[in-house]
Amino acid sequence: MTNLPPRPSEAPHRPWGAAEAAELAADDVSVDLISLGKQIRHLRKQREMSLDDLGAAVGAAPSQLSLIENGKKEPKLSMLRALAKAFGVSSDELLGAEPPNRRVALEIELERAQRSGQYRSLGLPSVKPSSRIPTEALEALVGLHREVDRQVNLHTATPEEARRANTELRRRMRDKDNYFADIEAEARTLLGKVDYAGGPLSQHQIADLAAHLRFTLHHVDDLPHSTRSVTDLKHRRIYLTQVGTGSHDPRTVLLQALASYVLEHEVPRTYLEFLGQRVSTNYLAAALLIPESSAVAFLRSAMADKEVAVEDLRDNFAVSYEAAAHRFTNLATHHLGIRTHFQKVHKSGIIFKAYENDDVAFPADPTGAIEGQPICRYWTSRQVFDVPDKFNAFNQYTDTATGTYWCTARTERSADGLFSLSIGVPYESAKWFRGKETKARSVSRCPDPDCCRNPPRNLAKTWAGQVWPTARAASSQLAAMPLGSFPGVDETEVYQFLERHSRP
């Protein structure tokens, strides 16, 4: 996402979780003791002193000094001062010195790696980095530890981390009212390159945009199953599935591929950054498919007639209802002054996606995440599943703990099942929307558990203690996020695909 902290160009890419591991290591006092011990040993040998010589100079037993040099004993402040005086350096220099050479740096890194909980859990012996071990052997050992650490920490985004990342992203989106001026500006620039004048962006204009960015398009029938598109930056080719296949709009897939290039995305360092990139990519693709100038003019006209409707935005720009609903949240507050919320809810009642800047109270777990939480069964996003009319939008007023909201919703089926997609606004903003005259109304007392989470007392009295259901738990509730630089993507399969298609 564009408001993520900038990434220094000189910083090497590290696997997900490496930054957190480094922070933890920095707090571990044993790491400082290892560096200190190596520094003391280096200075002692540099001055051709034995442990006995150094012990005599500082008034300590050689065995105690050996423990200090091996990072197994923390010296007192008086001892540090004595050591610094014996070596002719300051205490600060002794404590804060960088490793004097590559060899010492390798010894320190090996010691740290072997003292980590991860290595100790393997039950393997430690290798003492003595002077008898060749530097090449140290290089190999340190390299092995780095690779083990990389494999273990490679994108180990747990469900909890994913929830925290989603919560942080939603906060950033809410702070900006889900409107990102820099991405809108980028979209305007790109639209100008293909002479966009108004209305929906045509397939021809999208192809011209790809050509402007110097990409050629290739439709194939063997695209890796874990991908929607593959961009070959070396040969500037974008590979897509054959037109008409798959469950995603081919225009959106192509624009998302171009958006990643335009926004200069790099391999994400954290799961938060991965999600942020996905959000910004989707945003730019939507800003191209539903251009700001045309969409705002369309919505303002509908607002003047008090006939704003998400399905009209969908039909006018030939996009999905979900895409139109998302785009409405981008523009509603910034351009129309309407605060709003969006939900994508599975038929089971579980929230898959959500956004709000109108103070509606979504259910949340202790981390603040709302994804995976059950929505109140009296909200529009749940009530719509029981409405016989699936052609027209379902509209309802709902009294909640934070106020009354008017919501419009409809259902759509995907590979993951039946979902409701809903847009809601505070009561006072309902006047701008088609469907404001609805008589449907419900009352939600959530988070009061007696609203809809606790079963009715008569049913509980009859069945409590007499039932043992088997839960349909999604494996994603327990599993870590998929491995790889891009979660869920089989990189080997992608590289093999590119090899096949890069041959003359």
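Biologist: Before we look at any helix, what does "buried" mean here?

Modeller: The structure is a predicted model, and the term rests on the relative accessible area of a residue in the protein chains. A residue is called exposed when that area is over 50%, and buried when the area is under 20%.

Biologist: With that in mind, which residues of helix 4 are buried, and on how wide an arc do they lie?

Modeller: Helix 4 runs over residues 62–69, and within it L65, I68 and E69 are buried. Because these residues cover only a narrow span of directions around the axis, they fall on the same side of helix 4, and the arc is 95 degrees.

Biologist: Which residue follows helix 4 with a positive phi?

Modeller: The backbone angle phi is positive after helix 4, with a value near 70 degrees. The residue that takes this value is G71.

Biologist: Turning to helix 5, which residues are exposed on the side away from its buried residues?

Modeller: In helix 5, which spans residues 77–87, the buried residues are M79, L80, L83, A84 and F87. They cover an arc of only 135 degrees around the axis, and therefore they sit on the same side of helix 5. On the other side of helix 5, the exposed residues are S78, R81 and K85.

Biologist: What phi does G88 take just after helix 5?

Modeller: G88 comes just after helix 5, and its phi is positive. The value is about 75 degrees.

Biologist: How are helix 11 and helix 14 oriented to each other?

Modeller: Helix 11 covers residues 181–193 and helix 14 covers residues 271–289, and the two pack with their axes 9 Å apart at an angle of about 45 degrees. An angle between 35 and 65 degrees falls outside both the roughly parallel and the roughly perpendicular ranges, so helix 11 and helix 14 are oblique.

Biologist: How many nonpolar residues does the contact of helix 11 with helix 14 have?

Modeller: On helix 11 the contact is made by I183, E184, E186, A187, L190 and L191, and on helix 14 by S280, Y283, L284, A287 and L288. By class, this contact of helix 11 with helix 14 includes two charged residues and one polar residue, while the nonpolar residues number eight.

Biologist: Which hand does the crossing of helix 15 and helix 16 have?

Modeller: Helix 15 (residues 292–304) and helix 16 (residues 310–317) pack at an angle of about 140 degrees, and they are therefore oblique to each other. Where helix 15 passes helix 16, the crossing is right-handed.

Definitions and conventions: Residues are numbered from 1 along each chain as its sequence is written. This is a predicted model: local features need pLDDT of at least 70, side-chain atom pairs count only at pLDDT 80 or more; totals for chains, interfaces and linings use all residues. Side-chain values use heavy atoms; hydrogens and water are left out. Axes are lines fitted to C-alpha atoms, for helices over the stretch in contact, and angles run from 0 to 180 degrees between N-to-C directions. Helices (H or I, at least four residues) and strands (E, at least two) are DSSP runs, numbered from the N terminus. Angles under 35 degrees count as roughly parallel, over 145 as roughly antiparallel, 65 to 115 as roughly perpendicular and the rest as oblique. A crossing is left-handed if the near helix is turned anticlockwise from the far one by less than a right angle, and right-handed if clockwise. Buried means under 20% relative accessible area, exposed over 50%, partly exposed in between (1.4 Å probe, protein chains only). The arc is that of the directions from the helix axis to the C-beta atoms. Contact means heavy atoms within 4.5 Å. Ala, Val, Leu, Ile, Met, Phe, Trp, Tyr, Cys and Pro count as nonpolar, Asp, Glu, Lys and Arg as charged, and the others, Gly among them, as polar.
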